[in-house]
Each structure stands twice: as C-alpha cells, then as structure tokens.
Amino acid sequence: MSDICVIGGTRFFGKLLVHKLLADGHRVTLVNRGQTPDPFGDTVRRLRADVDVPGALTAAVAGERFDAVIHQMCYTPGAAVEVCEAFGERAGKIVMTSTIEVYNKDTFRWRFPAPPFGARAREEELDPAEYDFDTTLPWDAPGYLDAHYGEGKRQAEAALTRHAKVPVLLARVAHVLAAEGDFTGRLRFHLDRVTAGQPVVAHPSPGRTSLVRAEEAAGFLAWAALSPATGAVNVASPDTADVYDVCAAVESATGLTAEVIEKEDPSGDPGLSPFSCPSDFAMASDKAASLGHPFTPIAQWLPAVARDALAGPAGLPHSQEQ
C-alpha cells in the first residue's frame, strides 16, 4: 500500500484514476479547491488549495510526504515550479498529466520553428529538457491560457523537468473518450448530429489522430505513479482514427447512417467535427508498450463507448464539471 497524492481528481478520467488507486489498495489524498462534490466519501483524505494561486499548494502540503504525486491540473510553468517547491524531496515521484497538444505545430508561439514532428509524433521529438519556459508570461490573464493551452503544457513539462528534485513522468495523453462525464462533448457532438439527421462536416481528406479510452488513461497514470518509468510517454491506442471511423462507431450505436460532408474551408462551420484534422495529428505509443503498458486498439473499444454514451446521460457542460 502506497500513499498517493492526486492534485485534481474530481472530474472526467481523474475520478477514474482515484477509483483505480483505491481499488489497488492505495491511500489517496486529494488536493483541490473543494468546490466540486466527489463520490469518494471517507475513502480519501482531502487537502484544500487552489493551485492557480501562488503559494496555496505549498501551504496545503507543508510537511506531507507521498510515494507519488499525480498532477492533473498542471497547465503552466508557474504551476510546475510550485509543485516542485511544494514537495521538494517529500515525494517519491511526480507524474504530470500532459497532452497530445504539445505536438501541435500550429501552437508554437514561444519557440520557432516547431520541431519536424512525424505524422505520429514520438516522445524524443520534443525534449522538455531543451525547451524554454517563462513564468512571467500573463498565464493568469483572462483567456490567455485557453488560447495558449499547448504552449502552457510544453512549458509546464520543461519547468517540471528542470526543477523537480525527484523522478518525473510526463504522460502525454491523447484525445480521451468516455461514455460518461466527458466534458469535452466530442463524442456527444457526433451522436447528436447523427441522431438529429444533421451532417458532420470535415476537412478535405481529413487526417487521422490519436484516441484513448478514459479507463485506460486513468490506468496508465495509476501504473506510472509507482513504476520506474520516467520522461515523456505517449498515452494513446496503438492505431489512429479519423472522422469516418468515429462516425462508423456512431452508426453502429444508433443504427443510423452518418452523412459526412468534406468542405474545402470548414472553419467556423457549426457542423465541423472536433475530430476533423486538416492533416494527420497523432502519436506513436510504442514506448508505453515497451515499458509493459500497451493500450487497446481503437476498433476494439470505440463502438462500445459510443453505445454506452448513447444509452447514458448527455453529460454536464464543462463549467459544471470543474
């Protein structure tokens, strides 16, 4: 039994992560603002801190020691520096939930040009130890972080890599899909369009991207916390999908036919699929497999997730999931 600290853990696959850790017999401490009810009752400890407020995390965990810290809310280099200072050497390992968006060539505003990523980006193509970061940028200004999400995550990775006094793993998570609690609404978008008889719009010859099932993303984070693995690891199914694959899963779930319309310039079209990419934008997951943690191919889980999503509630908007 290990003591694991989860920063966040009250929404989407963060809840699945906590359930997994508890099922594995670990003691879990949640650190968050305490504004969202969670289903864990007295099975977890709770420490209160708004990690967006400088010094709040440091104060909340003063004197605490953990076998691992899993940071679900690390979006900026400042947050990364603070988690390093807050825990120092009083954590066996820090796992940061990062994102596929660190490979998005269109979001490199800090360092130019973007590295020459392959169609399926590999971890070594973006080395956080060689990336710059700036904690003085206006990360807390209204709208700034939303507009610089990928850049914030890249700089958070870089700051954590440089400042941590303990081993670090950066989990670069693909687009996560789940039947319940998915505040992104990406899969629900397709279900709603198809069941309403509305077309799904796509780019010409849309590119392929990486997906991962929520339960597997959570399982990886739980595994990573106590594994010897370090560095960046892509968290994604071994295959890729495009708009047509997602619509095929929706067709399987609904028994209806999805109409996909490719448009030369679909920007701003309300019917544009969240999974439509102008070109391939995906990650290789060979490293995770080589570490002994492979993921399930998309074709083996996406139709079932679509069926379960169709049968369940539509889910809450993002603002209600915080």
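1. Which residue of β11 is the bridge partner of Ala171? In β11, Ala171 is partnered by Val233. Strands and helices here are DSSP runs, numbered from the N terminus: a strand is E with at least two residues, a helix is H or I with at least four.

2. Some ground rules before going on. This is a predicted model, where local features need pLDDT of at least 70 and side-chain atom pairs count only at pLDDT 80 or more, while totals for chains, interfaces and linings use all residues. Residues are numbered from 1 along each chain as its sequence is written, and side-chain values use heavy atoms, with hydrogens and water left out.

3. Back to the strands. β7 (residues 168–173) and β11 run parallel, joined by 5 bridges; two strands count as paired if DSSP finds at least two bridges between them. Another partnership between these strands links Leu169 with Gly231 of β11. β7 also pairs with β5, again in the parallel sense, over 6 bridges. There, Thr97 stands opposite Ala171. So if you click on Ala171, look for Thr97 and for Val233 in β11.

4. How covered is β7? 6 of its 6 residues are buried, where buried means under 20% relative accessible area, exposed over 50%, and partly exposed in between (1.4 Å probe, protein chains only). Val168, Leu170 and Arg172 point one way from the strand, and Leu169, Ala171 and Val173 the other way. Both sets are buried, Arg172 included.

5. β11 (residues 231–235) has 4 of its 5 residues buried, so the rest of the structure largely encloses this strand. Helix α7 (residues 214–226) gets similar wording: 10 of its 13 residues are buried, so it too is largely enclosed by the rest of the structure. The buried residues of α7 include Glu216, Gly219, Phe220 and Leu221, along with several alanines, among them Ala214 and Ala225.

6. Two loop residues are worth a look. Thr107 sits in the loop between β5 (94–99) and β6 (120–121), and it is buried, with a relative accessible area of 15%. Setting aside neighbours within four places in sequence, Thr107 is in contact (heavy atoms within 4.5 Å) with Glu101, Gly150, Glu151 and Arg154.

7. The other one is Ser285, in the loop between β13 (282–283) and α9 (286–290). Ser285 is buried as well, at 7% relative accessible area. Leaving out neighbours within four places in sequence, Ser285 is in contact with Asn234, Ala236, Ser237 and Pro238. From Ser285 to Ala164 the count is 121 residues in sequence and 25 Å in space, C-alpha to C-alpha.

8. What about disulfides, and how many are there? The count is 0, taking a disulfide as a pair of cysteine sulfur atoms within 2.5 Å. Cys5 is in none, and the nearest cysteine sulfur to it, that of Cys74, is 13 Å away. Cys5 counts as buried because its relative accessibility is 0%. Cys84 is in no disulfide either: its nearest cysteine sulfur is also that of Cys74, 8.0 Å away. Cys84 is buried too, with a relative accessible area of 2%.

9. Last, the annotation. An unreviewed UniProt entry lists residues 4–72 as "domain: NAD-dependent epimerase/dehydratase"; its positions are given in the numbering used here, feature names are shortened, and annotations may be inferred rather than shown by experiment. In the model, residues 4–72 are 23% helix and 28% strand, and the end C-alpha atoms of the span lie 13 Å apart.
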